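Let's take a walk through this structure together, one piece at a time. Have the sequence and the coordinates open as you read.

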Amino acid sequence: MIDYKQIPNSDHWEIVKAINKGWSKDQKYYIQTRDKEELLLRVSDIKEYEQKKKEYKSLKRLDNMDFLVSKPIDFGVCNKGQAVYSLLTWIAGEDAEIILPTFDDKEQYHLGVKAGEILRQIHSIPAPKDQPSWSERFNKKIDRKISNYKSCSIQFEGADKMIGYIEENRSLLLNRPQSFQHGDYHVGNMIITPVGELGIIDFNRWDYGDPWEEFNRIVWSVAKSPSFASGYINGYFKNQVPDLFFRLLALYIANNQLGAISWAIPFGEEEVNTMLKQADEVLKWYDGFTTYIPDWYLKI
């Protein structure tokens, strides 16, 4: 437990409970005040002060948008100067990845449409004007992930097809726009409230980049509900999905999947097997990357 007494009004906190889930390195705590107000406290090492300050400022830019999100309340230093904290509003409800599969297909699709509409709002925040070109940035990422995969001790059947598709479609990265990104947008970072409203959490991987790259995490949503994932795409594009989107989505998913194998190794055999299974699923979606529209997609 960190020493949070330096945080203003912490003497009014009645419950402080650690949250032990998620991939973030942040320490997270559920807070309930004497007035029964619910809050989320995120604490990081002081070395991350500047990054966390930027994250907090980015969240402030979402304040006036029309969707449910953890809103920033306070930011500063705690734990005798050894940690940086962000205090946010709490979204009460169930984890979407747990409760979503209990709904019927129509409701799953409807929530997916809402997720797409929310993401479109998030992407309305432009990237800084001095941002390097997307083609330059992402081609470096491609080179790195292909190199890491080829030198990795674990290989999988069909990787050559993914690499082939990526190499053949690098030109699609030219002149892509850039915007603010959530950074990890999928059902694992969404909450469904008791009244059925969709809330968005965990912006700690925020970035700027091609807004369509944000869909590369859709693999996690598909695993829970293809109807949700389809609604998410259709809602974002108001049912007018451009062909170029699917071509780029296949590239982004292939690149992410290649990188996931070497990423998983330090986390152990179970995580590696999860990523290998996911790679196999992705290859089936795209029929070995002979097509660029995934087989689960439901056009309305």
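## A hairpin and its neighbour

In this predicted model, strands β2 and β3 make a hairpin, with four residues lying between the two strands. Look in the turn for K36, whose phi is positive at about 70°. The two strands, β2 and β3 (residues 38-45), run antiparallel and are joined by six bridges. If you would like a pair to start from, Q32 has E38 in β3 as its bridge partner.

β2 also pairs with β1 (residues 13-19), again in the antiparallel sense and over six bridges. On that side, I19 stands opposite K28 of β2. Is β2 itself mostly covered or mostly open? Strand β2 spans residues 27-33, and six of its seven residues are buried, which leaves the strand mostly covered.

## An enclosed helix

Now move along the chain to helix α7, residues 226-236. Here 10 of the 11 residues are buried, so the helix is largely enclosed by the rest of the structure. Buried here stands for under 20% relative accessible area. The buried set consists of S227, F228, A229, S230, G231, Y232, I233, N234, G235 and Y236.

What covers these buried residues of α7? The cover includes three helices, α3 (105-122), α6 (218-224) and α8 (243-264), together with the strand β9 (190-192). Just past the end of α7, have a look at K238, which takes a positive phi of about 55°.

## The chain as a whole

Stepping back, the chain holds nine helices and 11 strands. Its C-alpha trace spans about 60 × 45 × 40 Å along the principal axes. A compact globule of 300 residues would have a radius of gyration near 19 Å, and the chain has 20 Å, so the two agree.

Buried residues account for 53% of the 300 in the chain. Among contacts with a separation of 6 or more, 70% come from residues 24 or more positions apart.

## Surface and charge

The chain exposes about 15,000 Å², and 49% of that area is supplied by carbon and sulfur atoms. As for charge, there are 38 positive and 43 negative side chains. The centres of these two sets lie 4 Å apart.

How values were computed:
Residues are numbered from 1 along each chain as its sequence is written. This is a predicted model: local features need pLDDT of at least 70, side-chain atom pairs count only at pLDDT 80 or more; totals for chains, interfaces and linings use all residues. Side-chain values use heavy atoms; hydrogens and water are left out. Buried means under 20% relative accessible area, exposed over 50%, partly exposed in between (1.4 Å probe, protein chains only). Contact means heavy atoms within 4.5 Å. The radius of gyration is taken over C-alpha atoms; the globule rule is 2.2 Å times the number of residues to the power 0.38. Accessible areas come from the Shrake-Rupley method with a 1.4 Å probe; for residues, only the protein chains shown count as cover. Lys and Arg count as positive and Asp and Glu as negative; His and the chain ends are not counted. The place of a charge is taken as NZ of Lys, CZ of Arg, CG of Asp or CD of Glu. Two strands pair if DSSP finds at least two bridges between them.
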